[in-house]
Amino acid sequence: MQPNRSIIMKKAFVYGMSVEGENFTDRVKETKRLKLDFENGINVILVSPRRMGKSSIVKKVKSEINNPLIKVVYMDIYDCRSEYDFYNRFASALMKETVSKAELVVENIKRFLTRLTPKISFSSEPMSEISFSLGITPRNYQPEEILQLPEQIAKEQNVHIIVCIDEFQQIGEFTDSITIQKKLRSIWQHQRNVSYCLFGSKKHLMTNLFQNRKMPFYQFGEMMFLDKIATEDWVPFIQSRFASQGKEISEPLAKRICETVENNSSYVQQLAWNVLAETEHEVTEKDFTNGFEALLAQNSGLFEEQLQGLTTYQLNFIRAICNGIHSNFGSKAVLEEFNLGGKSNITRIKNTLRNREIIEIDKNKVFIEDPLFRIWFKRQYNNL
Ligand SMILES: Nc1ncnc2c1ncn2[C@@H]1O[C@H](COP(=O)(O)OP(=O)(O)OP(=O)(O)O)[C@@H](O)[C@H]1O
Ligand SMILES: [Mg+2]
């Protein structure tokens, strides 16, 4: 049964998924730039810390392009574990998104992937999507043939195709990843009617793929770092979303929502939602505090999970960062003050914490990017 949309209250704030329409704020400059790149066939690499809004902005630009000669194909490869997982996702997305109606997908497959007999099912619900599995394997298709598909389709349909690949850093995890990356790059860079927008969250993996001279994707496209949404853009958004629910929030408190979580897009929306839920008419200090405590409680399970199994030295290293230390961990003073063990430990600790995505290293300085994690950690562990 389709839920009756009219009786579901519209949520004032949305988090945990990509946002669109009235839940999407600002990003005017970045949207314009990304759109321009798309329209001019420029390859873009989009990077930002987690939950800043990459998926949302790409989907927004996709929805704003109404030139019939440009087709934007979006795919997410977060769950692809191998080279052929990726080719199946790549081809499926192309088959689905280069036709105007779901019914034409089958024709598309017959036209471009003649050697396959895919399993296709249409769901009975009118709005739901077609689902299919193509069954591409090394026995029926060579990697090159699949990687050429967008160019082939673009030429036949006389359009330009932009292929957007979300969580692209996943490619780096495949067995024999460098060889695969070489294949991708060598084919994609010669395509005249296709451009790529590659984006992902794990910043150190993404920068390694694209900014390391030794890597195949070095200088493949324009690097775009998605910044935080500024407080002055958030405040009117927050205030108007409160107003849409018949409630009110003062400018200083709306500002405080942003500042408390250092403008992390997802946390701003989550905190605003918590505060709204506490508020009767106009937001009070108490409502804000309750909302914030709820935010910590909602996230503490995840944070605890991230710390599971860490050694005391590793926890102490995090504590040092939370106390404002970002470099010189090997110095005698820091080693002693925070009890980090020997100097020789430091590199190993850094690597472990970076692999767990707890810390980021930028120009030899170490940071914890998640502002809420920092606050939570200080409360839990500062007395180690
Ligand atoms: N332009 C925006 N306006 C308002 N809120 C936004 C915007 N962009 C992102 N958000 C908030 O941030 C959340 C995460 O957005 P999104 O999933 O697009 O980020 P992401 O960078 O792709 O995240 P991930 O690192 O998990 O892939 C959204 O659910 C929403 O709460
Ligand atoms: Mg995303």
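Is K155 buried or exposed? In this predicted model, K155 has a relative accessible area of 57% and is exposed, whereas E151, at 7% relative accessibility, counts as buried. The two residues form a salt bridge in which the closest N and O atoms are 3.8 Å apart. Both belong to helix α6 (residues 149-157), where a spacing of 4 residues separates them by about one helical turn. An α-helix has 3.6 residues a turn, so residues three or four places apart point the same way.

**Overall form**

The protein holds 16 helices and 9 strands. Its radius of gyration is 24 Å, close to the 21 Å that the globule rule gives for 384 residues, so the protein is as compact as a globular protein of that length. Taken along the principal axes, the box that its C-alpha atoms fill is roughly 65 × 60 × 35 Å. Of the 384 residues, 47% are buried, and among contacts with a separation of 6 or more, 72% are made by residues 24 or more positions apart. The accessible surface comes to about 19900 Å², with 48% of that area belonging to carbon and sulfur atoms.

**Charges and salt bridges**

There are 51 positive and 47 negative side chains in the protein, and the centres of these two sets lie 5 Å apart. Side chains of opposite charge can pair when their charged atoms come close. With a cut-off of 4 Å between a side-chain nitrogen of Lys or Arg and a carboxyl oxygen of Asp or Glu, the count comes to 15 salt bridges. The table gives the N to O distances for some of them, including the pair in helix α6.

| Salt bridge | Closest N to O distance |
|---|---|
| R27 and E30 | 3.2 Å |
| E97 and K62 | 2.6 Å |
| K155 and E151 | 3.8 Å |

The burial of the partners can be set beside these distances. R27 and E30, joined at 3.2 Å, are both buried. In the salt bridge between E97 and K62, E97 is partly exposed at 26% relative accessibility, and K62, with a relative accessible area of 27%, is partly exposed as well. E97 lies in helix α3 (residues 83-97) and K62 in helix α2 (residues 54-64), so this pair ties together parts that are 35 residues apart in sequence. The bridge between K155 and E151, by contrast, has both partners in helix α6. Elsewhere, R33, D37 and E222 are joined into one network by salt bridges that share partners.

**Two helices and their surroundings**

Helix α3 also contains S92, a residue that is buried, with a relative accessible area of 15%. Once its neighbours within four places in sequence are left aside, S92 is in contact with F132 and L134.

Which residues are buried in helix α10 (residues 251-260)? They are L253, A254, I257, C258 and T260, and the buried residues of α10 pack against four helices, namely α9 (231-244), α11 (265-278), α12 (285-307) and α16 (371-381). Just after α10, E262 takes a positive phi of about 50°.

Terms used
Residues numbered from 1 in each chain as written. Chains lettered and ligands numbered in written order. Predicted model: local features only at pLDDT ≥ 70, side-chain atom pairs only at ≥ 80, totals over all residues. Heavy atoms only, no water. Buried < 20%, exposed > 50% of the residue type's maximum accessible area, 1.4 Å probe, protein only. Helix = DSSP H or I, 4+ residues; strand = E, 2+ residues; numbered from the N terminus. Contact = heavy atoms within 4.5 Å. Rg over C-alpha atoms; globule rule 2.2 N^0.38 Å. Areas by Shrake-Rupley, 256 points an atom, 1.4 Å probe, with all protein chains shown as cover. Lys, Arg positive; Asp, Glu negative; His and termini not counted. Charge placed at Lys NZ, Arg CZ, Asp CG, Glu CD.
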